[in-house]
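Work through these exercises with the model open. Each task is followed by a solution in steps.

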Amino acid sequence: MSQDRGPRRPRRLEKCALISASATVLSLTASGCVVVHGEREVLPSATRAEAAKALERFTTAYNKADKAYDASLDADHTTGALAAIDSARLKAGAANHPDGNPAHEPLELTDAKFTIPKKAGWPRWFVADTKANKGGTARWLLVFTRDGLEETWEAAYLTLVAPGKVPEFKTDQDGWAEAVPANATAVSVPPAGLSKDYTTYLQDGGKTFADGVHTSSWRALREKRSTRPGLVTQYIDEPLTNGDYAPLALRTEDGGALVFFTSRHFEKQTAARGASVPTPNKDVLALTDGEIKQSLTMEFVSNEVALDPADGQVSVLGRVQGLTSGKGE
């Protein structure tokens, strides 16, 4: 589940519409049907009603999958980083609780605010900023994407952000937001480069990212854990940028961007001779192949949301990470 999924082929969008000065008319039939290329026409990614329906359908599917510990029940409603994390969680749960989740509590997402960019080309996408009955007071930010008019909206990113930290977005007179291209240069780091810069920072440090829980504090914690007596812990960090893991960014009111991106992380624990690796919990064991004798390598997928200013350091506002596999040796 943690391998890059290649980009899907865009589909041609055909619809009947009223003729306007802004529409790109490719052909006009006697019935007045205008055929528009979705890959070229600048349109809102979704209506607000469609966005609300997509959030509702995701929540319903998520709750069914969580209750049964069955990844197939929400597979059509997740993709990218969230799919990798969620499917592994459900797989581990099913292994340890074949009859379903004994601690299931339905997820409730309320007070939803939708930020929908007006853009050309696929994928079309939007952000849902919601309150949840889990995760304390944090706001849940979900990014929904789809690659064609007939496709189902799928949640690709889920991050939790502290109240008051979600920035104001730039919108036009109709309330539609602006998508920031992956190669945009009017921000500190082009969105396409954030995953690579972040994983480089975790390894080597630097000044690209502002201090915080998901940057300097995480580096300090990993450094502390890597030097425990009798146990060596090594970390490898890799960017994930292709296909359904591609970054998505919205223009903020101050000229910067809010960027959602993905990264992959490996943690290898190796015990000294005569010692043993700490026994992992049942969920880790359920996702681990091989016998843990001298070492355990765990693979994680992480999705982040960062404030990428027009100038200055990037601030990582939230990060949700999940174990996707393990290997014992």
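**Exercise 1.** Classify leucine 149: is the residue buried, partly exposed or exposed?

*Solution.* This is a predicted model. Start with the number: leucine 149 has a relative accessible area of 35%. Now apply the cut-offs: buried means under 20%, exposed means over 50%, and partly exposed lies in between. Leucine 149 is therefore partly exposed. Next, place the residue: leucine 149 sits in the loop between β5 and β6. Finally, check a distance: the C-alpha atoms of leucine 149 and tryptophan 122 are 9.6 Å apart, with the two residues 27 apart in sequence.

**Exercise 2.** Work out in which order the strands of the open sheet run, and which strands stand at the edges.

*Solution.* Write down the order: β2-β4-β5-β6, four strands with antiparallel pairing. Find the edges: β2 (109–115) and β6 (154–161) each have a single partner strand, so one side of each lacks a neighbour in the sheet. Add the twist: the average is 25° from one strand to the next. Then inspect one pair: β5 (residues 139–146) joins β6 in the antiparallel sense over seven bridges. Within this pairing, phenylalanine 144 lies opposite alanine 155 of β6. Last, look for a helix on the sheet: α1 (residues 48–68) packs there and touches β2, β4 (124–132), β5 and β6. The direction of α1 makes about 140° with that of β2.

**Exercise 3.** Describe how α1 and α2 pack: at what angle, and how far apart are their axes?

*Solution.* Take the geometry: α1 and α2 (residues 80–96) meet at an angle of about 30°, and their axes are 10 Å apart. Compare with the cut-off: angles under 35 degrees count as roughly parallel. So α1 is roughly parallel to α2. List the residues in contact: α1 supplies Phe58, Tyr62, Ala65 and Asp66, while α2 supplies Leu82, Asp86, Arg89 and Leu90. Sort them by class: five are nonpolar, none is polar and three are charged.

**Exercise 4.** Summarise the whole protein: how many helices and strands are there, and what share of the residues is buried?

*Solution.* Count the elements: five helices and twelve strands. Turn to burial: 45% of the 329 residues count as buried. Turn to surface: the accessible area is about 16,300 Å², and carbon and sulfur atoms account for 50% of that. Close with contacts: of those between residues at least 6 apart in sequence, 67% join residues at least 24 apart.

Technical notes. Residues numbered from 1 in each chain as written. Predicted model: local features only at pLDDT ≥ 70, side-chain atom pairs only at ≥ 80, totals over all residues. Heavy atoms only, no water. Pairing = 2+ DSSP bridges. Helix = DSSP H or I, 4+ residues; strand = E, 2+ residues; numbered from the N terminus. Axes fitted to C-alpha atoms, helices over the stretch in contact; angles between N-to-C directions. Contact = heavy atoms within 4.5 Å. Buried < 20%, exposed > 50% of the residue type's maximum accessible area, 1.4 Å probe, protein only. Areas by Shrake-Rupley, 256 points an atom, 1.4 Å probe, with all protein chains shown as cover. Parallel < 35°, antiparallel > 145°, perpendicular 65-115°, else oblique. Nonpolar A, V, L, I, M, F, W, Y, C, P; charged D, E, K, R; others polar.
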